[in-house]
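Q: Please pick one part of this model and go through it slowly with me. I'd like to know how that part sits against its surroundings, and then what the charged side chains are up to elsewhere.

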Amino acid sequence: METQTAFDLNLAIQTWRENLTNSLAFRRENLNELESHLRDSVATLQTRSLSAEEAFLIATRRIGQSRQLESEFGKLNRGTIWLERAMWMLIGLLVWPFFDRLMSGVAGSLFVLGWRSVRHSPSEVGDAWPVFFSVLIQLSAMVVAACLTWIVLRKAGAFGQWIATKLPRRSSFVLCCFLVSLAVVLLYVAVEILPAVSFRSFVRSNPTQAVAYVGNSSYFIAPLRISGFVILTLFVARKRLVPEKA
Amino acid sequence: MLSKELVAASTVPLVLSVLTEGEIYGYALIQRVRELSNGRIEWTEGMLYPVLHWMEKEDLIEAEWRDAETGRKRKYYRLRKEGRKALQQEQEQWMAVHQTLAKLWKHKPHLT
């Protein structure tokens, strides 16, 4: 019965603070002040012969529920909140086309390579099947892209916190800009130039309709791509709105 | 315990009035109000800070982070000239309400 784990006040305060950090409503300074208040409150209560754990429980209760605090601080920091939201929207707008482009580039190349390795004559195959397969491959590429985007957005919170500690330093900011530009150039090479080169060599060796099939499939893929993007957006919105179970 | 509406209306004049005694940090300000009101004015403590920050933005008060005797930093609030003016207006309004009610209640002081 005596094996109750010792209560760690600092850890408890840290957990309490992290719970608030997840909300956009608080700036770092707000949290510093609330933490300072909590520590004062705990210290005072402890002088009244309460244990650290009891003092912590009463002090957090007196300071208020996080939801209540969030809404009041939120009214105050509205400008910051919108800037932060706009930033995440921009990031979302970058992340989705990034993976979509990458995956459809890979899928297009796969289709063309596959076509190349199969011996056939166009008259036997007909037009519908190649277009159908191209759509199928691009569709699975789109699903993979959506999954990757989702994973990135899910993990973005931790990444955001990490980058937030780096960006204020000017040298890190410049380095960041440089690395991002480099990544974009590399991606452009991977997605635009390599497939274009492989397409051209393919077309030269076997000037059939394969490229046209990939092109035709885009009539089917384009609306799917848009609706995929909309569904992803709604999915994120729903995640945000459905309250998390404790 | 005060009603929610009365708490909301009285927070700013209470803060301004406590600050006339000198600069103070949030936790001590709440303790002071609790002590003066014999525990009848009980705030949800965290809710004071958005009010303080709003008052800071309105230039009624100013604030500064400083090392306290505990070794930790605390944010101290101080009254500004605009704050004193605002307090004067608040005083007039609250006194008007108070005096009116006092006159009305003089004849029947116990509303049981």
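A: A polar contact here is a pair of N or O atoms within 3.5 Å; within protein, one must be able to donate a hydrogen and the other to accept it, and residues adjacent in sequence count only if both atoms are side-chain atoms. That fits the start of helix 1 of chain A, where a side-chain oxygen of Asp8(A) comes to within 3.1 Å of the backbone nitrogen of Asn10(A). Helices (H or I, at least four residues) and strands (E, at least two) are DSSP runs, numbered from the N terminus.

Some housekeeping: residues count from 1 along each chain as its sequence is written, and chains are lettered from A and ligands numbered from 1 in the order in which they are written. This is a predicted model, so local features need pLDDT of at least 70 and side-chain atom pairs pLDDT 80 or more, while totals for chains, interfaces and linings use all residues, and side-chain values use heavy atoms, with hydrogens and water left out.

So, helix 1 of chain A. It runs over residues 9-21, 13 residues in all, and spans 18 Å from first C-alpha to last, close to the expected 18 Å (1.5 Å times one less than the number of residues). Its buried residues are Ala12(A), Ile13(A), Trp16(A), Arg17(A) and Leu20(A). Looking down the axis, these fall within an arc of 130 degrees, so they line one face of the helix; the arc is taken from the directions from the helix axis to the C-beta atoms. Buried means under 20% relative accessible area, exposed over 50%, and partly exposed in between (1.4 Å probe, protein chains only). The cover over that face includes helix 2 (28-46), helix 3 (52-63) and helix 4 (66-76) of chain A, with contact meaning heavy atoms within 4.5 Å.

Helix 2 of chain A also holds Asn30(A), which is buried at 4% relative accessible area. Leaving out residues up to four places away in sequence, Asn30(A) touches Ala25(A), Phe73(A), Asn77(A) and, over in chain B, His53(B).

Stepping back, chain A has nine helices and zero strands, and 29% of its 246 residues are buried. Of its contacts with a separation of 6 or more, 73% are between residues 24 or more positions apart.

Now the charges. A salt bridge is a side-chain nitrogen of Lys or Arg within 4 Å of a carboxyl oxygen of Asp or Glu, and the count over all chains is 20. Arg32(B) and Glu21(B) make one, at 2.8 Å, N to O. Arg32(B) sits in helix 2 (residues 26-36) of chain B and Glu21(B) in the loop between helix 1 (4-19) and strand 1 (24-25), so the pair ties together parts 11 residues apart in sequence. Lys75(B) and Glu56(B) pair at 3.4 Å, N to O. Lys75(B) belongs to strand 3 (residues 73-79) of chain B and Glu56(B) to helix 3 (residues 48-57), so parts 19 residues apart in sequence are tied together. Lys75(B) is buried at 5%, whereas Glu56(B) is partly exposed at 26%.

Glu64(B) and Arg66(B) meet at 3.0 Å, N to O, and both belong to a salt-bridge network with Glu23(B), Asp59(B), Glu62(B), Arg78(B) and Arg80(B).
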